[in-house]
Amino acid sequence: MDAESMKNLAAGLTIAIGAIGPGIGIGLIAAKAVEAIGRNPESQSKVQQTMILGIAFTEALAIFALLFAFIILFL
Amino acid sequence: MAAEMHVSLAPEPIAHIGSFVITNSMLTAVITTILLASGMIIASRQIKLHPAGGFAGAIEALIETLLDQMEQVFGSRQRALYYFPFLATLFLFILSNNWFALLPGFNTIHLGDVPLFRAVTADLSATIALALVSVVLTQVYAIRELGVMGNLRRYFSSNPAMNILGVQEIILESTRVISFSFRLFGNIFAGEVLLIVISALLPILGPTPFWGLEIFVGFIQALVFTMLTMVFIAMSTDKEAAHH
């Protein structure tokens, strides 16, 4: 395998594996938030805010993986 | 196809003044700063006791929403007002830059070989600068509020076993620079690349939903950056929480 195809493969694998964890994490956050809103609909705005913050934290990991994929591809 | 797509991780130089390099993201930063500042100055001139609506009214509603949000985090209106100028500037600067970069012309107008405009938040130097300002100012506010000793007491106590946790806390706070800057840079840069790739694959109507997504992401990232800074400032300047 030459260096170019190795690079492409590495970039693809970086984001593919890197997206698994955050994917599960965001799913868990959203599931719990929906559960909380279902139990206590009045708390929707507060839960939503915390949920978005939590998702942003989790999503950052996926974005790191994406960044490294870009760095492998373009640098 | 890959040859048509122009993606660069770093901002590209468009001009030189002596040995000082002007990059395309710096040009955008100056433009958005001027637009934002002049917009705010115009709005502030139109403030009346009974607002008539229009531009000033819209800005006032925005400021009021931000302030209400901050009041919830800080606990009191007075504290919120004290930190308001910094946090609101941070929010509006990041938001306007994120959204400004979605205008047509970005990545399409070229000066020689390089695009004339580039989103400021898609430049790692800019986001590191913003993250440094956020982290350093959190410490400055904590020292101002609690004093130098009070600030140190947040990390260290007379109990030597707890000091390891303090050191850990300091390391944790310094890594915030990395997480803050990479989160913002990564989201906006990835969005830009996404739009470029989709535009190359499906030039007609293809990018439209992604444009909507980028508007949402731009807002969320500005909100997250400001929210986190706000929460960290509120935590580190809390007088009651410092004594325990």
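**Reasoning about chain B and its contact with chain A**

Mentor: Chain B holds seven helices and four strands in this predicted model. Read from the N terminus, the elements of chain B follow the order β-β-α-α-α-β-β-α-α-α-α.

Trainee: Why is Leu205(B) called exposed?

Mentor: The cut-off for exposed is over 50% relative accessible area. Leu205(B) has 69% relative accessibility and therefore counts as exposed. Leu205(B) is placed in the loop between H5 and H6 of chain B.

Trainee: What makes the phi of Leu205(B) notable?

Mentor: Most residues other than glycine have a negative phi. Leu205(B) is not a glycine, yet its phi is positive, at about 65°.

Trainee: What makes the set of 54 residues a nonpolar core?

Mentor: The term requires buried residues of the listed nonpolar kinds, joined through side-chain atoms within 4.5 Å. The largest set of this kind has 54 residues, and Met70(B), Phe74(B), Leu87(B) and Phe189(B) have the most contacts inside it. At least two residues of this core come from each of helix H3 (44-74) of chain A and, in chain B, helix H2 (54-74), helix H3 (77-100), helix H4 (124-153), helix H5 (160-201) and helix H6 (208-236). H3(B) gives the largest share, 13 residues.

Trainee: How do you know that Phe189(B) touches chain A, and which residues does it touch?

Mentor: A contact needs heavy atoms within 4.5 Å. With residues up to four places away in sequence set aside, Phe189(B) touches Leu67(A) and Phe70(A). In chain B, Phe189(B) touches Val7(B), Ser8(B), Leu9(B), Arg118(B) and Ala122(B).

Trainee: How many residues does each chain bring to the contact, and what area is buried there?

Mentor: Chain B brings 18 residues and chain A brings 15. The size of an interface is often given as the accessible area lost when the parts come together. For chain B and chain A, the buried area is about 1,500 Å², with 82% from carbon and sulfur atoms. Of the area that chain B buries against chain A, Leu9(B), Phe182(B) and Arg183(B) supply 30%, more than any other three residues.

Trainee: What share of chain B counts as buried?

Mentor: Buried means under 20% relative accessible area, and 41% of the 244 residues of chain B count as buried. Chain B exposes about 13,100 Å², with 72% supplied by carbon and sulfur atoms.

Trainee: How many charged side chains of each sign does chain B have?

Mentor: Chain B has 11 positive and 15 negative side chains, and the centres of these two sets are 11 Å apart.

Notes:
Residues are numbered from 1 along each chain as its sequence is written. Chains are lettered from A and ligands numbered from 1 in the order in which they are written. This is a predicted model: local features need pLDDT of at least 70, side-chain atom pairs count only at pLDDT 80 or more; totals for chains, interfaces and linings use all residues. Side-chain values use heavy atoms; hydrogens and water are left out. Buried means under 20% relative accessible area, exposed over 50%, partly exposed in between (1.4 Å probe, protein chains only). Accessible areas come from the Shrake-Rupley method with a 1.4 Å probe; for residues, only the protein chains shown count as cover. Lys and Arg count as positive and Asp and Glu as negative; His and the chain ends are not counted. The place of a charge is taken as NZ of Lys, CZ of Arg, CG of Asp or CD of Glu. Buried area is the accessible area (1.4 Å probe) that two parts lose on being put together, summed over both.
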